[in-house]
Amino acid sequence: MSGRDVCFDADLYEAVFDASGDGIVLADRSSTIIRANRRFLRMTRYGRSEIEGMMHWSQITEGGDLPALAVTGAAPAIREMRLQRKDGSFIDAAVTVRTIPGRDLFIASVLDITGKKQVTHALQRRDAILEAISTMAGRFLAARTWEEEIPGALRGLCTATNVHRVYLFENTTDQETGETLMTGRYEWTREGRGGEIATTWLRGLSYQKAGVGAWEADLRDGKTVFADIRTAENDERWNMEALGVQSFVIVPIHVGGRWWGFIGFDETREERRWTEVEIDTLEAAAGIIGSAIRRQETEETMLAYITESALRLKNPVALLRENLKVIHDDIRDETIPKEEILTQIRVQIAAADQIAENLRELNASIAEGRREIPDAFRHFLQR
């Protein structure tokens, strides 16, 4: 082989080394990195002069020294590990380490699998959230009021999403200005119930005064709001910094077409990238809560109507009693002819029959054993 051929081969190998789609590192027995290709430098965000001859493999990864990772044979093991970038962030990687025959050197091939891992984790979180939603829906259906079950629902969502806290805010209206006000109702943190969100300083604030005025129009229109601390607006960022929040998701809750409030998810450990799959499941959770609130409001309206109807039915009964008393007095005083008295009695019997029929229809319209029926009305029906 000529010298020209040797030079050509060296250049070729160098070009292949640098052009590889995987990150490639050449290291000695002490795991000092002798050479790193362009792909590896882009992965770790270090400059060539910062790595080559300067850094050990163990300074970049959590995977140990290269000699311990190397496997002899045709099919070296693929190991998953985390690589720490220059800025302190991490990526997930699949690493294969080989020994170079006849040389006391090791070559590591590094494939960035962060995206794949994120998708896998997102799907796992989605499944966990769906399971929490299923449990939550069943408990809401069995509960007398949605307020009884909301702490447990928030706890389940906090665990399933693996965030620091989950909280529920309800809207009210300022009677003087007409502004929409936000009030923290319930909160659950990773450490347990309670926390900083549902506190007195976040009760009865307008969205503008709370520093999140930009949320109002989006949430009213049914749009989910999410951000991380780097992309947040100034007032929004100030709130996040004050509460130690790195990223959040705010999902609106609508009840019967009315914007009722929102449920929020805060992450304090890192800037979390929420996937569309996760956002969809969080919106489903908000829909379940809205349905539970709507169901209770509808039942309360129905019960108010039934109670009012029962009270209205009391009036004809009282009138019938008064009419019968008049007939009784007329018979006693013998001031009215017998035929006229009989006519009056027949009229009152017909009225009594109609009242009884109305009561039977009302009673039949109410499902037996409903816990929501007020005791006073239950006693009325049983008389």
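I started with the outside of the chain: about 21,900 Å² is exposed, and carbon and sulfur atoms supply 52% of that. Note to self: this is a predicted model.

Next I looked at the inside. Of the 383 residues in the chain, 40% are buried. I also looked up the overall make-up and got 12 helices and 12 strands. For contacts with a separation of 6 or more, I noted that 52% join residues 24 or more positions apart.

Then I went for the cores. The largest nonpolar core has 32 residues, and the ones touching the most other members are Trp146, Ile150, Leu157, Leu168, Ile263, Phe265 and Ile289. At least two residues of this core come from each of H6, H7, S6, S7, S11, S12 and H10. Another core, of 24 residues, lies apart from it, and its members include Ile51, Ile60, Val95 and Phe106.

I picked Ile289 for a closer look. Leaving out residues up to four places away in sequence, Ile289 touches Met136, Phe140, Ile150, Leu168, Ile253 and Ile263. Met136 and Phe140 are also among the buried residues of H6, so I turned to that helix.

H6 covers residues 114-142, and its 29 residues reach 42 Å from first C-alpha to last, close to the 42 Å expected. Its buried residues are Thr114, Ala122, Ile129, Ala132, Ile133, Met136 and Phe140.

My last stop was Leu123, which lies in H6 too. Is it buried or exposed, or something in between? Leu123 counts as partly exposed, because its relative accessible area is 34%. Together with Val119 and Val277, Leu123 forms a nonpolar patch on the surface, with about 210 Å² of accessible area between them.

Key
Residues are numbered from 1 along each chain as its sequence is written. This is a predicted model: local features need pLDDT of at least 70, side-chain atom pairs count only at pLDDT 80 or more; totals for chains, interfaces and linings use all residues. Side-chain values use heavy atoms; hydrogens and water are left out. Helices (H or I, at least four residues) and strands (E, at least two) are DSSP runs, numbered from the N terminus. The expected span of a helix is 1.5 Å times one less than its number of residues. Buried means under 20% relative accessible area, exposed over 50%, partly exposed in between (1.4 Å probe, protein chains only). Patches are made of residues with over 30% relative accessible area and no salt bridge: like charges are joined within 9 Å, nonpolar side chains (Val, Leu, Ile, Met, Phe, Trp, Tyr) within 5 Å. Accessible areas come from the Shrake-Rupley method with a 1.4 Å probe; for residues, only the protein chains shown count as cover. A salt bridge is a side-chain nitrogen of Lys or Arg within 4 Å of a carboxyl oxygen of Asp or Glu. Contact means heavy atoms within 4.5 Å. A nonpolar core is a set of buried Ala, Val, Leu, Ile, Met, Phe, Trp, Tyr and Cys residues joined through side-chain atoms within 4.5 Å.
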